[in-house]
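Biologist: Please take me on a close look at one part of this structure. I would like to follow how its helices pack and where empty space is left among them.

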Amino acid sequence: ARVPERAGRRYALCGVLLVAEILTGSNGGALAMAAGLIAGHLFKLFRQGRADRAIATVMLVALAGGGGVLALSKIDIQPYLDKASAASPILRDSIGRTTGESTGSRSTVFATTIQMMREQPHPFGIGPGETENQMRVRQETYVREAHNDYVAAVLERGFLGGVALIVLVYTLLLKCRRIARRDALRQEYARVIPHPEMFGALVVVFLVSALFYETLHYRHGWAFFGLIAALELFGRRGETG
């Protein structure tokens, strides 16, 4: 949105946010940020009519990602993670948690919530925000919220919750597509939002983050969704508002 207005200040602000993200030590956050950056670049290429470059980028990312997964499956990285954890507190609280207690805890929560879904007889779920309470009732060894929007939607709200989540995602992606078309926005809106395709990248960030956190609880997320809806309703050319 070109805020701050000067490019140098915007880059400085992005640098501060990047450092803040690194200092959180969140692997899920880093993965979501990387996915958002890649998606934003791809959407920009498609918007500019450079589909050939976008396809080449997708192939490159897929090749690099597949090679990385293959390498991790063949190489024992735990000794390297231990050395990195000992070298720096930041590395210890980020990549140092890739294997260990954090990963084991998330796996335990995921397995427990999936089992709860299978054993849930009520078609409307156990109720919003009731995952932790039900784990405590079941006397589970590790009591936590679902930490996964997709699992939580179905577990806590049943079949209708899963359908509602699908409808929400579809609606957001549809609106992002409408506002990201070349010259789709009216001049006064395009001046404020010169890169509307980045809203689509932001939705990708939320979709990836939802694998590790319950992002539907984030109030700023709904504020972003509201901005997308406002642009689609009032900002497109030919729309009367």
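Modeller: Let me begin with a term we will need: a crossing of two helices is left-handed if the near helix is turned anticlockwise from the far one by less than a right angle, and right-handed if the turn is clockwise. Please keep in mind that this is a predicted model.

I suggest we stay with helix 10 and work outwards. The axes of helix 2 and helix 10 come within 8 Å, with a crossing angle of roughly 150 degrees. Because angles over 145 degrees count as roughly antiparallel, helix 2 is roughly antiparallel to helix 10. In handedness, helix 2 and helix 10 make a right-handed crossing. On the helix 2 side, the touching residues are Leu 31, Ala 32, Ala 35, Gly 36, Ala 39, Gly 40, Phe 43, Lys 44 and Arg 47. Helix 10 answers with Glu 197, Met 198, Gly 200, Ala 201, Val 204, Val 205, Val 208 and Ser 209. Sorted by class, this contact of helix 2 with helix 10 has 10 nonpolar, four polar and three charged residues.

Helix 10 has another partner in helix 11. Here the axes come within 11 Å and again the angle is roughly 150 degrees, so helix 10 and helix 11 are roughly antiparallel to each other. The crossing of helix 10 and helix 11, however, is left-handed. Helix 10 brings Phe 199, Leu 202, Val 203 and Phe 206 to the contact, while helix 11 brings His 220, Gly 221, Phe 224, Phe 225, Leu 227, Ile 228 and Leu 231. In this contact of helix 10 with helix 11 there are nine nonpolar and two polar residues, and no charged ones.

Helix 11 in turn leads us to helix 8, which covers residues 149-180. The axes of helix 8 and helix 11 come within 9 Å and cross at roughly 50 degrees, which means helix 8 is oblique to helix 11. This crossing of helix 8 and helix 11 is left-handed. From helix 8, the contact takes in Leu 168, Leu 172, Lys 175, Cys 176, Arg 178 and Ile 179; from helix 11, Trp 222, Phe 225, Ile 228, Ala 229, Leu 231 and Glu 232. Nine of the residues in the contact of helix 8 with helix 11 are nonpolar, none is polar and three are charged. Phe 225, Ile 228 and Leu 231 of helix 11 thus touch helix 8 and also helix 10.

Now to the space left over. The structure holds one cavity of 30 Å³ or more, and the largest cavity has a volume of about 120 Å³. It is lined by 13 residues, with Val 169, Phe 206, Leu 207, Thr 215 and Leu 216 closest to its centre. Helix 8 and helix 10 are the elements that give two or more residues to this lining, and the largest share, six residues, comes from helix 8. By class, the cavity lining has 11 nonpolar residues, one polar and one charged. Phe 206 therefore has a double role, as one of the residues closest to the cavity's centre and as part of helix 10's contact with helix 11.

Finally, there is the largest pocket, holding about 1900 Å³ of space. Of its 38 lining residues, Cys 14, Leu 17, Leu 37, Met 198 and Leu 202 lie nearest the centre. The elements giving two or more residues to this pocket's lining are helix 1 (7-24), helix 2 (27-47), helix 10 (197-209) and helix 11 (219-235). Helix 1 gives the most, nine residues, and the whole lining divides into 23 nonpolar, 10 polar and five charged. Helix 10 is back in view here: Met 198 and Leu 202 are among the residues nearest the pocket's centre, while Met 198 also touches helix 2 and Leu 202 also touches helix 11.

How values were computed. Residues are numbered from 1 along each chain as its sequence is written. This is a predicted model: local features need pLDDT of at least 70, side-chain atom pairs count only at pLDDT 80 or more; totals for chains, interfaces and linings use all residues. Side-chain values use heavy atoms; hydrogens and water are left out. On a 1 Å grid over the protein atoms alone, a cavity is a set of points where a 1.4 Å probe fits but cannot get out, and a pocket is an open set with protein on both sides within 12 Å along at least five of seven lines; lining residues have an atom within 4 Å of a point. Grid points are joined across faces, edges and corners, and a volume is the space filled by probe spheres set on the points. Helices (H or I, at least four residues) and strands (E, at least two) are DSSP runs, numbered from the N terminus. Ala, Val, Leu, Ile, Met, Phe, Trp, Tyr, Cys and Pro count as nonpolar, Asp, Glu, Lys and Arg as charged, and the others, Gly among them, as polar. Axes are lines fitted to C-alpha atoms, for helices over the stretch in contact, and angles run from 0 to 180 degrees between N-to-C directions. Angles under 35 degrees count as roughly parallel, over 145 as roughly antiparallel, 65 to 115 as roughly perpendicular and the rest as oblique. Contact means heavy atoms within 4.5 Å.
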